[in-house]
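Colleague: Got a minute? I'd like to walk through this one with you.

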Amino acid sequence: MTFPSDSSFSKDVRIRRNSEFKEVFEKGTRIRTPHFNVLYSPNNLGFPRIGVIVGKKTSLNAVGRNRIKRIVREVFRKNKASFDSFDVVIIAKKNCKGLTYKNAEEEILGFAEKKLS
RNA sequence: CGAGUGGGUCGAGCGAUCGCCUGUCUUUUCCGCAUGGAAAAGAUGGGAGGAAAGUCCGAACUCCAGAGGGCAGAGCGCUGGGUAACCCCCAGGUGCCGUGAGGCAACGGAAAGUGCCACAGAAAACAGACCGCCGAAGUUUUCCCGUUUAUGCGGGAAAACAGGCAAGGGUGAAAAGGUAGUGUAAGAGACUACCGCACAGGGUGGCGACACCCUGUGGCACGGCAAACCCCGCUCGGAGAAAGACCAAGUAGGGAAGCAUCCACCCUAAGGGGUGGGCAGAUGGCCCGUCUGAUGCUUCCGGGUAGGUCGCAAGAGGCACCCAGCAAUGGGUGUCCCAGAUAAAUGAUCGCUCUCGACAGAAUUCGGCUUACAGACCCACUCGCUUC
RNA sequence: UGGGGGAUCGUCUAAUGGCAGGACGAUGGGCUCUGGACCCAUUAGUCUAGGUUCGAAUCCUAGUCCCCCAG
């Protein structure tokens, strides 16, 4: 538990550059969960970073896509400690449409714990 | 009470905790000679829509191109007004629809020209004749009557032909006015009356589209399609914020200026000069016209990618009141500052209330249009029923 | 975000504004001892909604979906 009470979500913990995304895509490990494709690769920053990708085919309108991004980011923010020091890219699959916060939390935390072990 | 028409407003709300984007102020630290810049913490303010959407119009803004001329192309199309502008809005006219409140209209020209109008039908655009009607006058044949010796002549009837007609039938999306009468062999604007229509002239009202009235002419000519070509009138240079401006790693080498420089022929001893021609590019549609040239040598030093900063949030701005106007809208006064990201900000959890929550997320900015949408409320009006 | 193009049977592709045609496929039948090939027949379509027109795949308006280009 490196960040026991820190649940902030500043720009530092987001993957923001195209080159950084590319690095994760090239070096990262890929894991599939029912609703997401997840890529992750270790970094040497001492804290995790996240990038979320939601394609047009997941949800046809912008409101739906924003909704999924917000849910995923919220899960990450509340559980940053579980991600140790990794760059994580989460890609939403087509079946994400009716996803709720609780479903996403269960699924992503389940993945994070497996990865840590 | 029911059904409906037109217009407008809103688009779940409140509280707590954790979190995101951003403006301002304060403090601290660091950098800098300094104006100032960066980071952190705290305080405080703001934080998606009526359509933010589609990208269908119109602009602002930016860059590119602009000697000039012609052709082509695109858009618009009743009238007057509004506007920065518009394919928008308001008011009005005309036509059509609706019992009505009201709604809808690409609504210039078909007597400038060209083209098209399948099938059906007789005929589809300087009309035409299938069935049908007529067949008087004309021709032929037959029959009857009169007369005559007889041919014949006269009269009548029937049939056929030549011919006449366009009223009725039928076809079609569309068939060249309607009603009544006269007329005739049958009919027909052939003629007459009334209605309708077209054209010309004049008057009245209106800025005008146009409306109404009067007079005359025409028996009616001028079918439809211009969201077919086209004609007439008006408008239009191209691209778009991934526009564009500035700063600028790494890697790779590029750019500008000057001189010589393509092919053929002619002149010349040579150097070189002249004439003609071709190719490619620019002039973001094409043509004429105009301009430029590959490569080598010499000299000079910038251009640009990742990334960053700006553009980028005070505006044809919102709200309130007053004035002008039927209105769209304009003018004045006061007041407010109200998203500004860049892998891209509004979410999660809990509690409460209700009608149990639709369509949907700013990306340069405005003005419109169009499309999507659970519902709630307000104003004005229409029709029907019932009661007083 | 901006710009451009397209949509016709299951697939590919034709059609001066006048009955939507062809190929491949599918289904059924014939031929054959059986299958293939071949022959015959059938099936099924103008992306959607309005408008112009007598009549629309075609012309006009709005919408839906797909593809391409620009970092």
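Modeller: Sure. Start with strand β1, residues 29-32, which pairs with β2 in the antiparallel sense over 4 bridges. Keep in mind that this is a predicted model.

Colleague: How many residues sit between β1 and β2 in the hairpin?

Modeller: There are 3 residues between them.

Colleague: And which residue in β2 is the bridge partner of R32?

Modeller: That's N37. N37 belongs to strand β2.

Colleague: Is N37 buried or exposed?

Modeller: N37 counts as buried, because its relative accessibility is 13% and the cut-off for buried is under 20%.

Colleague: What does N37 touch, leaving out residues up to four places away in sequence?

Modeller: Its contacts are R30, I31, R32, V89, I90, I91 and K93.

Colleague: What about the rest of β2, is the strand mostly covered or mostly open?

Modeller: Mostly covered. Of the 7 residues in β2, 6 are buried.

Colleague: How many bridges join β2 to β4?

Modeller: There are 7, and the two strands run antiparallel. One pair to look at is L39 with its bridge partner in β4, V89.

Colleague: Let's switch to the inside. Which residues touch the most other members of the largest nonpolar core?

Modeller: F36, I50, V72, F83, V88, I90 and I108 do, out of 24 residues in that core. The elements giving two or more residues to this core are β2 (36-42), β3 (49-53), α2, β4 (86-92) and α3 (101-116).

Colleague: Which element gives the most?

Modeller: α2, with 5 residues.

Colleague: Take V72. What is V72 in contact with, once its neighbours within four places in sequence are left aside?

Modeller: V72 contacts F36, I50, V52, I90 and I108.

Colleague: Where do I15, F21, L39 and V89 belong?

Modeller: They are in a second, separate core, which has 6 residues. L39 and V89 are the bridge partners from before.

Colleague: New topic, the RNA. Which residues come nearest to RNA strand B?

Modeller: K11, I15, N18, R67 and R77, out of 21 residues around the strand. On the RNA side, sugar and phosphate make up 75% of the atoms that come within 4 Å of the protein.

Colleague: I15 again. What does its backbone do there?

Modeller: A polar backbone atom of I15 is 2.6 Å from a sugar or linking oxygen of RNA strand B. I15 is also one of the members of the second core.

Colleague: Which other polar backbone atom should I look at?

Modeller: Try V63. One of its polar backbone atoms is 3.3 Å from a phosphate oxygen of RNA strand B.

Colleague: And what about the side chain of K78?

Modeller: A polar side-chain atom of K78 lies 3.3 Å from a sugar or linking oxygen of the strand.

Colleague: Which helices supply at least two residues each to the surface near the RNA?

Modeller: α1 (18-27) and α2 (62-78). α2 gives the most to that surface, with 9 residues. α2 also gives the most to the largest core.

Colleague: How do the residues of that surface divide into nonpolar, polar and charged?

Modeller: There are 7 nonpolar, 5 polar and 9 charged.

Colleague: Last stop, the loops. Where does K94 lie?

Modeller: K94 is in the loop between β4 and α3. K94 counts as exposed because its relative accessibility is 58%, and the cut-off for exposed is over 50%.

Colleague: What does K94 touch, not counting residues up to four places away?

Modeller: K57 and T58.

Colleague: How far apart are K94 and A112 in space?

Modeller: They are 21 Å apart, C-alpha to C-alpha, and 18 residues apart in sequence.

Colleague: Where is K56?

Modeller: K56 sits in the loop between β3 and α2.

Colleague: Why does K56 count as exposed?

Modeller: Because K56 has 61% relative accessibility.

Colleague: And what separates K56 from E113?

Modeller: Their C-alpha atoms are separated by 30 Å, and the two are 57 residues apart along the chain.

Terms used: Residues are numbered from 1 along each chain as its sequence is written. Chains are lettered from A and ligands numbered from 1 in the order in which they are written. This is a predicted model: local features need pLDDT of at least 70, side-chain atom pairs count only at pLDDT 80 or more; totals for chains, interfaces and linings use all residues. Side-chain values use heavy atoms; hydrogens and water are left out. A residue is near a molecule or strand if one of its heavy atoms lies within 4 Å of it. A polar contact is a pair of N or O atoms within 3.5 Å; within protein, one must be able to donate a hydrogen and the other to accept it, and residues adjacent in sequence count only if both atoms are side-chain atoms. Ala, Val, Leu, Ile, Met, Phe, Trp, Tyr, Cys and Pro count as nonpolar, Asp, Glu, Lys and Arg as charged, and the others, Gly among them, as polar. A nonpolar core is a set of buried Ala, Val, Leu, Ile, Met, Phe, Trp, Tyr and Cys residues joined through side-chain atoms within 4.5 Å. Buried means under 20% relative accessible area, exposed over 50%, partly exposed in between (1.4 Å probe, protein chains only). Contact means heavy atoms within 4.5 Å. Two strands pair if DSSP finds at least two bridges between them.
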